[in-house]
Amino acid sequence: MKPIKPTIIAIAGPSASGKTLFAKTIHDELIEELGESGISIIYEDAYYRDQSHLSMQEREQTNYDHPSAFEHELLSEHLNKLTKNQTINSPVYCYKTHTRLNESKIFSPTKIILVEGILLLSNKELRECFDIKVYMDTPLDICLIRRIKRDLVERNRSIESVTNQYLATVRPMYYQFIEPSKAWADIVITRGGKNRMAIEVIKAKIRQLSQLPPQQ
Ligand SMILES: Nc1ncnc2c1ncn2[C@@H]1O[C@H](COP(=O)(O)OP(=O)(O)O)[C@@H](O)[C@H]1O
Ligand SMILES: Nc1ccn([C@@H]2O[C@H](COP(=O)(O)O)[C@@H](O)[C@H]2O)c(=O)n1
């Protein structure tokens, strides 16, 4: 029997808008039903460029909110392979050292692949990989509060580094690249990663797609 072509769902939007929470909630609530081969998540952040050749000071100067910070060409190559039911070696990223780890993760195609990240809809090649494009439209001030809390606890940052980075790059790049990319979305979600109706709507669509017979 011919394997089903994976359906790829992008979840884009500003930093700390709730993309990860939204994707993980959908994944965790469906994994038992769909099984390990049914649903998985890929993180755009895993595709931040390797910076192991740079000093820590240089890495701290990088604009992580500009499209050039990502190896989007590798991500679209990987997504294209997954749609052909091929396995990939996904990079593994570390926010504390601002570079890739010296390891990769074997990632096998699943029927549904959720991809989450800030700049997924800003890139034409990536957009062409997605079957459904979702944008988390959480107000920027709410995102900032959540980002401060998260980055202090999970990403080893100080309040000075979070606020300086926010003013220098996060906010301007949001207006230049992320907010305009909303125009490409099929579905715009308000109120973040706990919007229960939005979670249920995407889950229902995934259930419907998962029941389709193999494509000819
Ligand atoms: N609706 C919400 N209410 C409260 N906290 C939330 C909500 N959505 C997300 N968070 C929290 O905000 C932080 C950022 O959310 P996250 O899902 O990591 O955002 P993103 O992946 O878009 O950067 C996390 O600590 C998360 O638990
Ligand atoms: N070394 C890095 C890499 C990325 N960032 C910030 O992460 C944000 C994207 O991840 P989210 O989970 O918040 O969507 C992005 O805004 C970068 O500024 C970083 O601080 N350091």
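**Exercise 1. Two helices that meet**

In which kind of crossing, left-handed or right-handed, does α1 pass α7? Work out how these two helices pack in this predicted model.

*Solution.*
- Step 1: Find the two helices. Helix α1 spans residues 19-34, and helix α7 spans residues 196-210.
- Step 2: Look at the axes. They lie 10 Å apart, and the helices pack at an angle of about 40°.
- Step 3: Name the arrangement. Because of that angle, α1 is oblique to α7.
- Step 4: Settle the handedness. The crossing of α1 past α7 is right-handed.
- Step 5: List the residues in the contact. From α1 come F22, T25, I26, E29, L30 and L34, while α7 supplies I199, I202, K203, I206 and S210.
- Step 6: Sort them by class. The contact of α1 with α7 holds seven nonpolar, two polar and two charged residues.

**Exercise 2. A second helix pair**

Describe how α5 and α6 cross, and say which residues make the contact.

*Solution.*
- Step 1: Locate the pair. Helix α5 covers residues 140-154 and helix α6 covers residues 159-181.
- Step 2: Read the geometry. Their axes come within 11 Å and cross at roughly 140°.
- Step 3: Classify the angle. Only angles over 145 degrees count as roughly antiparallel, so α5 and α6 are oblique to each other.
- Step 4: Add the handedness. α5 passes α6 in a right-handed crossing.
- Step 5: Pick out the contact. On α5 the residues are L140, L144, R147, I148, D151 and L152, and on α6 they are I159, V162, Y166 and Y174.
- Step 6: Count by class. In the contact of α5 with α6 there are eight nonpolar residues, no polar ones and two charged ones.

**Exercise 3. The sheet**

Trace the order of the strands in the open sheet, and find its edges.

*Solution.*
- Step 1: Go across the sheet. Its five strands follow the order β2-β5-β1-β6-β7, with parallel pairing.
- Step 2: Find the edges. These are β2 (39-43) and β7 (187-189), each of which pairs on one side only.
- Step 3: Check the twist. From one strand to the next, it averages 20°.
- Step 4: Zoom in on one pair. Strand β6 (residues 132-136) runs parallel to β7 and is joined to β7 by three bridges. Here M136 stands opposite I189 of β7.

**Exercise 4. The annotated region**

Which residues does the UniProt domain annotation cover, and how much helix and strand does the chain have there?

*Solution.*
- Step 1: Turn to the record. The unreviewed UniProt entry annotates residues 8-197 as "domain: Phosphoribulokinase/uridine kinase".
- Step 2: Read the make-up. Over residues 8-197, the chain is 42% helix and 21% strand.
- Step 3: Compare the ends. The end C-alpha atoms of this stretch are 21 Å apart.

Definitions and conventions:
Residues are numbered from 1 along each chain as its sequence is written. Chains are lettered from A and ligands numbered from 1 in the order in which they are written. This is a predicted model: local features need pLDDT of at least 70, side-chain atom pairs count only at pLDDT 80 or more; totals for chains, interfaces and linings use all residues. Two strands pair if DSSP finds at least two bridges between them. Helices (H or I, at least four residues) and strands (E, at least two) are DSSP runs, numbered from the N terminus. Axes are lines fitted to C-alpha atoms, for helices over the stretch in contact, and angles run from 0 to 180 degrees between N-to-C directions. Angles under 35 degrees count as roughly parallel, over 145 as roughly antiparallel, 65 to 115 as roughly perpendicular and the rest as oblique. A crossing is left-handed if the near helix is turned anticlockwise from the far one by less than a right angle, and right-handed if clockwise. Two residues are in contact if their C-beta atoms, placed from the backbone, lie within 7 Å. Ala, Val, Leu, Ile, Met, Phe, Trp, Tyr, Cys and Pro count as nonpolar, Asp, Glu, Lys and Arg as charged, and the others, Gly among them, as polar. UniProt positions are given in the numbering used here, feature names are shortened, and annotations may be inferred rather than shown by experiment.
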